[in-house]
Amino acid sequence: MKFLVVLEEGEDGYIVAECPALPGCVSQGKTADEALANIREAIQGIVAIRQKHGLPIPEEHVVEVAVPA
């Protein structure tokens, strides 16, 4: 299962990671690697809870589009 994760630098200097397909699924870390590890754990937890309760797992379709600079 793959999900898009968006990384942004927060005001406090931490890297904020968010999974748009799972509203409210946000984590952070001191580095991008730490933020990715933390959001991976958060995604796994949300997916496990949704499966346990018979709730759907959103499917995400990501398309890359090239734009001239």
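How far apart are the mean positions of the positive and negative charges of the protein? Here are some notes to read alongside the structure.

1. **Charges.** The protein carries 5 positive and 11 negative charges, and the mean positions of these two groups are 11 Å apart. Please keep in mind that you are looking at a predicted model.

2. **Overall layout.** Start by finding the parts: the protein has one helix and three strands. If you walk along the sequence, you meet them in the pattern β-β-β-α. The C-alpha atoms fill a box of roughly 45 × 30 × 15 Å along the principal axes.

3. **The annotated stretch.** UniProt lists residues 4-64 as "domain: HicB-like antitoxin of toxin-antitoxin system", in an unreviewed entry. Over residues 4-64, 34% of the chain is helix and 20% is strand. Try finding the two ends of this stretch on screen: their C-alpha atoms are 12 Å apart.

4. **Surface and contacts.** Of the 69 residues in the protein, 20% are buried. The accessible surface comes to about 5,400 Å², and carbon and sulfur atoms account for 54% of that surface. Now for contacts between residues at least 6 apart in sequence: 25% of them join residues at least 24 apart.

5. **The nonpolar core.** Which residues make up the largest nonpolar core? There are 11 in all: Phe3, Ile15, Ala17, Cys19, Ala21, Leu22, Cys25, Ala35, Ile39, Ile43 and Val47. Two elements give two or more residues to this core, namely strand S2 (15-18) and helix H1 (32-52). The largest share, four residues, comes from H1.

6. **A core cysteine.** Cys25 is one of the residues in that core. Setting aside neighbours within four places in sequence, Cys25 is in contact with Ala17, Glu18, Cys19, Ile39, Ala42, Ile43 and Ile46. Among these partners, Ala17, Cys19, Ile39 and Ile43 also belong to the core.

7. **A serine to look at.** Where is serine 27 found? Serine 27 sits in strand S3, which covers residues 26-29. Is serine 27 buried or exposed? Serine 27 counts as buried because its relative accessibility is 18%, and the cut-off for buried is under 20%. Leaving out neighbours within four places in sequence, the contacts of serine 27 are Ile15, Val16, Ala17, Asn38 and Ile39. Ile15, Ala17 and Ile39, which are among those contacts, are also members of the largest nonpolar core.

Methods. Residues numbered from 1 in each chain as written. Predicted model: local features only at pLDDT ≥ 70, side-chain atom pairs only at ≥ 80, totals over all residues. Heavy atoms only, no water. Core = buried A, V, L, I, M, F, W, Y, C linked by side-chain atoms within 4.5 Å. Buried < 20%, exposed > 50% of the residue type's maximum accessible area, 1.4 Å probe, protein only. Contact = heavy atoms within 4.5 Å. UniProt positions renumbered as here; feature names shortened; annotations may be inferred. Areas by Shrake-Rupley, 256 points an atom, 1.4 Å probe, with all protein chains shown as cover. Lys, Arg positive; Asp, Glu negative; His and termini not counted. Charge placed at Lys NZ, Arg CZ, Asp CG, Glu CD.
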